[in-house]
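I open my notebook on a structure that is new to me. I will take one topic at a time and write down what I look up.

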Amino acid sequence: MLEELKREGFLANFYEVYCHDCGKSSGRFFDSLEEFDNDLYCDFCEKHFSLEENVIVLYKVIHI
């Protein structure tokens, strides 16, 4: 359903780097997965972030 709303121009997605080990957001957000830096570490527990494990998709309303 979210992807359908995105195709219709109501939503846009972006990406957040999130540490599942300590349960905290890194505070880093990207519009594209290509912006992800493979040399990122958690500021709280120092775990190395990976694209596959630590990036979550978020949606924002861009048109009502």
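**Strands.** I start with the strand pairing. β1 and β2 run antiparallel, and four bridges join them. I keep in mind that this is a predicted model. Next I look up the connection. The two strands, β1 and β2, form a hairpin with four residues between them. Glycine 23 sits in the turn and has a positive phi of about 75°. I also check one facing pair. Cysteine 19 of the hairpin stands opposite lysine 24 in β2.

**Core.** Which residues make up the largest nonpolar core? I list nine: Tyr15, Val17, Cys19, Phe30, Phe36, Leu40, Cys42, Phe49 and Val55. I then ask which element gives the largest share of this core. Strand β1, residues 11-19, does, with three residues.

I pick phenylalanine 36 from the core and look up its contacts. I leave aside its neighbours within four places in sequence. Phenylalanine 36 is then in contact with Val17, Phe30, Phe49, Ser50, Leu51 and Val55. Among these contacts, Val17, Phe30, Phe49 and Val55 are also listed in the core.

**Cysteines.** How many disulfides does the structure hold? I find zero. I want to know why, and I begin with cysteine 42. The closest cysteine sulfur belongs to cysteine 22 and is 3.6 Å from the sulfur of cysteine 42, too far for a bond. The cut-off for a disulfide is 2.5 Å between the sulfur atoms. Cysteine 45 is in no disulfide either. For cysteine 45, the nearest cysteine sulfur is that of cysteine 19, 3.6 Å away.

Are these two cysteines buried or exposed? Cysteine 42 is buried, at a relative accessible area of 5%. Cysteine 45 is partly exposed, at 36%.

**A backbone angle.** I turn to glutamate 46. Its phi is positive, about 65°, although the residue is not a glycine. I note the background: most residues other than glycine have a negative phi. Where is glutamate 46 found? I place glutamate 46 in the loop between β2 (24-30) and α2 (51-54). Glutamate 46 is exposed, with a relative accessible area of 64%.

**Salt bridges.** I search the whole structure and find three salt bridges. I take them in turn.

Aspartate 21 pairs with lysine 47, and the closest N and O atoms are 3.9 Å apart. This pair links distant parts of the chain, 26 residues apart. Aspartate 21 is in the loop between β1 and β2, while lysine 47 is in the loop between β2 and α2. Aspartate 21 counts as exposed, at 55% relative accessibility.

Arginine 28 and aspartate 43 meet through their side chains in another salt bridge, 3.9 Å from N to O. Arginine 28 lies in strand β2 and aspartate 43 in the loop between β2 and α2, so the pair ties together parts 15 residues apart in sequence. I compare the exposure of the two partners. Arginine 28 is partly exposed, at 24%, whereas aspartate 43 is exposed, at 58%.

Glutamate 53 forms a salt bridge with lysine 47, with the closest N and O atoms 3.5 Å apart. Glutamate 53 counts as exposed, at 52% relative accessibility. Which residues join into one network through shared partners? I write down Asp21, Lys47 and Glu53.

Note on methods:
Residues are numbered from 1 along each chain as its sequence is written. This is a predicted model: local features need pLDDT of at least 70, side-chain atom pairs count only at pLDDT 80 or more; totals for chains, interfaces and linings use all residues. Side-chain values use heavy atoms; hydrogens and water are left out. Buried means under 20% relative accessible area, exposed over 50%, partly exposed in between (1.4 Å probe, protein chains only). A nonpolar core is a set of buried Ala, Val, Leu, Ile, Met, Phe, Trp, Tyr and Cys residues joined through side-chain atoms within 4.5 Å. Contact means heavy atoms within 4.5 Å. A salt bridge is a side-chain nitrogen of Lys or Arg within 4 Å of a carboxyl oxygen of Asp or Glu. Two strands pair if DSSP finds at least two bridges between them.
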